[in-house]
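Got a minute to poke around a fold together? Here's the structure, and then we'll go through it question by question.

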Amino acid sequence: MANTSARTLRLLSLLQTHRYWPGTELAGRLGVSARTLRRDVDRLRELGYPVEANRGVDGGYQLAAGAALPPLVIDDEEAVALVLGLQAAAQNAVEGMAESSVRALAKVVRVMPARLRRRVEALHEVTVPVRWGDGEGPAVDPSALTTVALACRNEERLLFGYRAADGTRTERHAEPHRLVPLGRRWYLVAYDLDRADWRSFRLDRLSSPEATGDRFRPRELPAADAAALVRAGLENLPRPHRVEVLVDAPAAAVRQRIGRWCRVEALDGPRCRVELTTDDLNWAVTAVGMAGADFQVVGPPEMVEKAREWGARLSRAARAGAGTRPGT
């Protein structure tokens with residue numbers, strides 16, 4: 001019985017990783033016969049998981065949206081609340097929250113019935129989000145984010161419209177690889193089939209993504225990881241400000257706190273050099289401040305002035321706060 005239960009969980013996990021599994025391949029992964037696979041699929045259906053089967057020589061299985069969510073997991077109200085919460089968390093700046101939220105969001109939406117998806121869409125349309133900071137950060141459509149995330153997970157080709165920095169609009173056909181949250185933006189790393197090369201696409205400039213149903217074999221990424229490819233592309237873009245700062249803290253600690261936004265280089269002693277490019281020096285001061293240590297601005301001069309401006313503002317706030325009694 002223990003082996004059967006473990007195999008059933010393994011089957012469910014495999015069905016959640018791909019849109020469609022050929023029966024022979026799925027049975028091979030589990031190390032069982034086709035007949036045993038059919039019994040395991042029936043067991044999942046009894047538990048409420050919507051598993052569809054295509055019969056014939058090339059038949060297979062896929063986890064589809066069902067009439068109800070699997071029992072003993074979450075009810076309808078909890079499912080709607082969960083998706084809305086994950087959509088908000090997907091745009092959160094907290095370390096690790098965005099990536100985890102997108103993965104969870106893709107799994108939930110994959111099996112969510114249409115009636116619940118309509119409720120989520122209706123609630124999203126009448127909700128006004130409160131944005132951190134100056135409110136000018138680019139907005140990403142959560143439904144587009146989910147569509148792209150599913151295509152990455154399912155290794156399924158995408159069609160989408162894309163608006164370049166100069167406003168030019170094109171239609172793209174690509175093999176999606178990974179989603180990368182970097183700074184205040186989301187990027188899709190994908191192999192552009194029309195240009196026969198790797199590209200990173202800003203999701204706030206991407207429109208009407210549609211999975212084609214065509215599966216592909218993942219190509220080798222020409223970088224250490226997807227984030228490195230995005231950073232390399234951004235460094236080649238013209239930027240108003242290239243910031244260099246010396247931080248009085250070990251590189252490992254600084255890299256853990258703000259390494260997703262910048263390059264951190266270890267120096268002699270407990271110091272490191274931080275380099276980043278940005279079009280907003282206010283954001284640069286905030287990012288460096290999150291390193292949690294004293295720092296010295298090397299350049300540019302505009303960054304020195306901006307840090308001085310922030311320092312004076314914070315000093316005034318501290319003096320004003322010191323003269324205020326608790327509860328007044």
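Q: Which strand does Ser208 lie in?
A: Keep in mind that this is a predicted model. Ser208 sits within residues 206-215. That run is strand 8.

Q: Is Ser208 buried or exposed?
A: Anything over 50% relative accessible area counts as exposed. Ser208 has 63%, so the label is exposed.

Q: What is phi of Ser208, roughly?
A: Ser208 is not a glycine, yet its phi is positive. The value is about 50°.

Q: Which loop holds Ala196, another residue with a positive phi?
A: Ala196 isn't a glycine either, and its phi is near 50°. As for its place in the chain, Ala196 is in the loop between strand 6 (185-192) and strand 7.

Q: How many helices and strands does the chain have?
A: Let's count up the secondary structure of the chain, which has 328 residues. The tally is 11 helices and 12 strands.

Q: What share of the residues is buried?
A: Buried means under 20% relative accessible area. Across the 328 residues of the chain, that share comes to 39%.

Q: How much of the exposed area comes from carbon and sulfur atoms?
A: The chain exposes about 18,500 Å². Of that area, carbon and sulfur atoms supply 52%.

Q: How many aromatic pairs does the structure hold?
A: Ring centres have to lie within 6.5 Å for a pair to count. By that rule the total is 3.

Q: Why is the pair of Tyr162 and Phe201 given its geometry label, and what is that label?
A: The ring centres are 5.0 Å apart, and the planes meet at 80°. Planes over 60 degrees apart fall in one class. That's why this pair is called edge-to-face.

Q: How many residues apart are Tyr162 and Phe201?
A: Tyr162 belongs to strand 4 (residues 156-163), while Phe201 belongs to strand 7 (residues 197-202). The pair therefore links distant parts of the chain, and both rings are in buried residues, with Tyr162 at 10% relative accessibility and Phe201 at 1%. The separation is 39 residues.

Q: Which residue joins Tyr162 and Phe201 in one aromatic cluster?
A: The cluster takes in Tyr162 and Phe201. Its remaining member is Phe160.

Q: What angle do the planes of Tyr191 and Trp198 make?
A: Tyr191 and Trp198 form an aromatic pair, 5.7 Å centre to centre. Tyr191 is buried at 14% relative accessibility, and Trp198 is buried at 13%. The pair is edge-to-face, with the planes at 80°.

Q: Which residue lies over the face of Tyr191?
A: Tyr191 has a partner on its ring face besides pairing with Trp198. The distance to the ring centre is 3.8 Å, and the residue is Arg219.

Q: How far is the charged end of Arg313 from the ring centre of Trp310?
A: Here the charged end of Arg313 sits over the ring of Trp310. The distance to the ring centre is 5.8 Å.

Q: Why don't Cys262 and Cys272 bond, and how far apart are their sulfurs?
A: A disulfide calls for sulfur atoms within 2.5 Å, and the structure holds 0 of them. Both cysteines are buried, Cys262 at 7% relative accessible area and Cys272 at 0%. The sulfurs are too far apart for a bond, at 8.6 Å.

Q: Which backbone nitrogen lies 2.7 Å from the side chain of Glu156?
A: Glu156 lies in strand 4, and it is buried, with a relative accessible area of 2%. A polar atom of its side chain has a backbone nitrogen at 2.7 Å, that of Gly213.

Q: How many residues of helix 10 are buried?
A: Helix 10 covers residues 281-289 and is largely enclosed by the rest of the structure. Among its buried residues are Leu281, Trp283 and Val288. The count is 7 of the 9.

Q: Which residue caps the N-terminal end of helix 10?
A: Look for a side-chain oxygen 3.0 Å from the backbone nitrogen of Asn282. The oxygen belongs to Asp280.

Q: Is the peptide bond from Gly299 to Pro300 cis or trans?
A: Pro300 is in the loop between strand 12 (295-299) and helix 11 (301-322). Omega of the bond from Gly299 is near 0°, and the bond is cis.

Conventions:
Residues numbered from 1 in each chain as written. Predicted model: local features only at pLDDT ≥ 70, side-chain atom pairs only at ≥ 80, totals over all residues. Heavy atoms only, no water. Phe/Tyr/Trp six-rings, centres within 6.5 Å; stacked < 30°, edge-to-face > 60°. Helix = DSSP H or I, 4+ residues; strand = E, 2+ residues; numbered from the N terminus. Buried < 20%, exposed > 50% of the residue type's maximum accessible area, 1.4 Å probe, protein only. Lys NZ or Arg CZ within 6 Å of the ring centre and 35° of its normal. Areas by Shrake-Rupley, 256 points an atom, 1.4 Å probe, with all protein chains shown as cover. Polar contact = N/O pair within 3.5 Å; in protein donor to acceptor, adjacent residues only side chain to side chain.
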